[in-house]
Amino acid sequence: MTKILRMSQVYAPTLKEDPADAEIASHRLLLRAGMIRKTASGVYTFLPLGQKVLAKVESIVREEMDATGAQEMLMPALQPGELWHESGRWNDYGPELMRFRDRHDHEFCLGPTHEELITALVRNELRSYKELPLSLYQIQTKFRDEIRPRFGLLRGREFIMKDAYSFHANQESLQQTYDDMSAAYGRICERLGLDYRPVQADSGQIGGSVTCEFMALAEAGEAELVHCTCGYAANTEAGSCLARPTEYDVPDMQKVATPGVHTIDELAEFLDIPASSTVKALAGKNGKGDLVVLFLPGDHELNEIKADRAADGFTLLTDAEMEAYGLPKGSMGPVGLPKEAHVIAARSLQAVQKWVVGANEDGYHYVGARLGRDFEVDEWADLCIVQPGDSCPECGLPLEGARGIEVSQVFQLGDKYSRAMGATFADEDGAEVPFLMGCYGVGITRSLAAIVEQHNDEHGIAWPFSVAPAHVCVIPLTVGDDVVQPAAEKLAADIASLGLEVAIDDRGERAGVKFADADLIGWPLQIVVGKRGLAEGKVEAKLRRTGEKKDVALAAITELMAYGKRSGRITTSGAGYFDGLFDR
């Protein structure tokens, strides 16, 4: 028999007021609903109701991973530093890697991810192409020493993540698993009730050349993204930028005195033209130490990752270096640059014949500087951070902007780790070659927070059916009498017999307190049992996600729920289970 959750026995200390340090909805509501408590900066304890939700998120992830053929395992959080030295990431990862030495003076770290550990494991075990492909995953606590932990579970120092790793003999096999994992990640988002977008992304510290992030749309999200009605979506730092610069058309190049003008905004205001009609210049050095000058539309910002790729390493010049090259800060342009300068311009400027640019003289700018006559560009590249209003690279329509929470990401690592760490297998010809690898991560605790960000209102959380701590909460208005409580107990047991998870608020609290807590905690369905309703043979049913209320015959409750279950309209919000209560 299904156990009924009794609120009189559950440790769920709810709060009436918003915690002072809670900045976003998920942080505020998870604390108020008695689901988490702060232990230290960026470190949280999950209380019983929060743990129930967390377990359901993990269960969905496990089911989808198992369906791909991946096998669950568990690796230690404590990792030997020597493995990170092998991969080259001990210093490259940055201060977020929590490093320390044990009593024997050996280097260790707390794992933010496990590429090194899994690679070291399989290099001693997998020896032949006949054993490939192989996919392994774990659900485990990770650690990243964030400089500024914030937003509750969205940016913590300790968090739970599902990380999977796959090993392959060839690119075709890697691509197949990458596609399978991507499809599984989409299903995970759907089952969690998330409004999401798969977006183009940068691989960051993980590495690899192919990656995709799954973003839950939310105003609280730290990531900025663009998307289009055609289905294209990208992180603004990774998406292809097709800016829409506007040309300031003048008959010929003119040198204009612009005293005190050093920024794009000042220049646009001085000339009374839009910033999109100006061209921004940035000077730096490439990886070899050669002078490189970048040009991009004035209304866009430089994407440092793209610039680094385009210039084979790019570092901005210091003020002293600018002066040594004779380049005036705020007045640089392509006309009259030093001969050794390598000029790289954003592709979006290629169709703009006349540029508004600095004159390489403090206090002066050129308008109408003609491409191909007054100056030349050595190389065209994608240099900018994409922004709303830019053209979609798939269909050409203007892109829309949004904010998102990165809940998961898939990577094709290639042989980045296997080659560095000597992880090889014998191919069909008997030659030793490095594995091709994939990496696939789901933020478990982050996904939980993202769900709350999308499913809440002024009263509290409105959990999707799939992850709610219980599906139905029966609320007897009086406790300890011989009418209401027995009826509520029997109703809770009858609903539980249908296979639904049921809570009963059997606390000796006022009705208003119970109603407020029920909305705050976010049970998908609330059923209120009171003397007046029972006298008429009725109870009140309330659907949390819509607030819809309806008086329903007590004797028909389980029959109508069974009808809803048979209706075939069950969704992640749980509406299908309760259709029988609300559609008649």
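**An open sheet, a charged patch and a helix contact**

In this predicted model, 6 strands form an open sheet in the order 1-29-28-30-31-32, with mixed pairing. Strand 1 (5–6) and strand 32 (549–553) stand at the edges with a single partner strand each, so one side of each has no neighbour in the sheet. Here strands are DSSP runs of E with at least two residues, helices are runs of H or I with at least four, and both are numbered from the N terminus; two strands pair if DSSP finds at least two bridges between them. Strand 1 runs parallel to strand 29 (residues 502–504), and 2 bridges join them. Arginine 6 has isoleucine 504 of strand 29 as its bridge partner.

Residues are numbered from 1 along each chain as its sequence is written. Local features need pLDDT of at least 70, side-chain atom pairs count only at pLDDT 80 or more, totals for chains, interfaces and linings use all residues, and side-chain values use heavy atoms, with hydrogens and water left out.

Turning to individual residues, arginine 62 belongs to helix 2 (residues 48–67). Its relative accessibility is 28%, so arginine 62 counts as partly exposed (buried is under 20% relative accessible area, exposed over 50%, partly exposed in between; 1.4 Å probe, protein chains only). Arginine 62 and isoleucine 139 are 77 residues apart along the chain, and their C-alpha atoms are separated by 8.6 Å.

Glutamate 304, by comparison, is located in helix 8 (residues 304–310). Glutamate 304 counts as exposed because its relative accessibility is 65%.
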